Amino acid sequence: MKIEDEIKQSAFRSEYHKAYINLVYTSGYLEQAQAALFKPFGITLPQYNILRILRGQHPKPATISLLIERMLDKTSNASRIVDKLEAKELVTRKQCPSDRRTVDVLITEKGLELLRQMDRLEGGKGTGLANLTEEEAAQLNMLLDKIRD
């Protein structure tokens, strides 16, 4: 559906303004769709993001600062998210033997198994991204990268 129809606005100041509104609206749409997909698994998008980072590090642990650096949402509170994941037994936390000020975070087997179950959600299935061809997805990636340059 066109952005004009979604937000009931027929005129925009410019195509740049329309693109910005469209991008912000679509970002929110994708976040809501992703949250609905994650709900049956009992985790949020930031929790999923941390688990994926930890799986990429596995079997090496990660520090909280590394998690913050690599998270998609830089405003998320990584320490609080790790607390919640630890309560669900998806990660463990231990003091680093070489630096007592640092805490090592490691994904558990239960966390790895949860991600294996969730792998079928990869690629935006159920979020509308599957409506794009591979070529369109590549073009979208190029345009999004260009915005951040």
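**Confidence along the chain, from helix α1 to helix α6.** Confidence in the protein is lowest in α1, with a mean of 89, and highest in helix α6 (residues 109–118), with 95. That confidence is pLDDT, the predictor's own score for each residue on a scale from 0 to 100. Averaged over the protein, pLDDT comes to 90, and 96% of the residues reach 70 or more. Helices here are DSSP runs of H or I with at least four residues, strands are runs of E with at least two, and both are numbered from the N terminus. This is a predicted model, so to speak a proposal: local features need pLDDT of at least 70, side-chain atom pairs count only at pLDDT 80 or more, and totals for chains, interfaces and linings use all residues. Numbering starts from 1 along each chain as its sequence is written, and side-chain values use heavy atoms, with hydrogens and water left out.

**A loop with two contrasting residues, K8 and F12.** Both sit in the stretch between α1 and α2: K8 is in that loop, and F12 is found there too, with α1 covering 3–7 and α2 covering 15–38. K8 has phi near 55°, a positive value in a residue that isn't glycine. K8 is exposed because its relative accessible area is 72%; the cut-offs are under 20% for buried, over 50% for exposed and in between for partly exposed (1.4 Å probe, protein chains only). F12 counts as buried because its relative accessibility is 18%. Leaving aside residues up to four places away in sequence, F12 touches I3, E4, I7, H17, K18 and I21, where a contact means heavy atoms within 4.5 Å.

**The second largest pocket, seen from its lining.** The residues around this pocket are E15, Y16, A19, Y20, N22, L23 and I147. Helix α2 supplies the largest share of the lining, 6 residues. Sorted by class, the lining has 5 nonpolar, 1 polar and 1 charged residues. In that sorting, Ala, Val, Leu, Ile, Met, Phe, Trp, Tyr, Cys and Pro are nonpolar, Asp, Glu, Lys and Arg are charged, and the others, Gly among them, are polar. About 170 Å³ of space lies in the pocket; the volume is the space filled by probe spheres set on grid points, which are joined across faces, edges and corners. A pocket is an open set of points on a 1 Å grid over the protein atoms alone, with protein on both sides within 12 Å along at least five of seven lines, whereas a cavity is a set of points where a 1.4 Å probe fits but cannot get out; lining residues have an atom within 4 Å of a point.

**Three residues of helix α2: V24, Q34 and A35.** Q34 counts as buried because its relative accessibility is 17%. Outside the residues up to four places away in sequence, Q34 touches L45 and T127. A35 is partly exposed, with a relative accessible area of 45%, and V24 is partly exposed as well, at 47%. For a sense of scale, A35 and L144 are 109 residues apart in sequence and 22 Å apart in space, C-alpha to C-alpha. V24 and M142 are 118 residues apart in sequence, with 18 Å between their C-alphas.

**Helix α3 and its buried residue Q47.** Helix α3 runs over residues 45–57, and Q47 is part of it. With 13 residues, α3 reaches 19 Å from its first C-alpha to its last, close to the 18 Å expected at 1.5 Å a residue; the expected span is 1.5 Å times one less than the number of residues. Buried residues in α3 are Q47, Y48, N49, I50, L51, I53, L54 and Q57. Q47 counts as buried because its relative accessibility is 5%. Leaving out residues up to four places away in sequence, Q47 has G42, I81, K84, L85 and K88 as its contacts.

**Backbone oddities at P59 and E89.** The peptide bond from H58 to P59 is cis, with omega near 10°. P59 sits in the loop between α3 and β1, the strand at 62–63. E89, though not a glycine, has a positive phi of about 65°. Look for E89 in the loop between α5 (78–87) and β2 (91–95). E89 is exposed because its relative accessible area is 52%.
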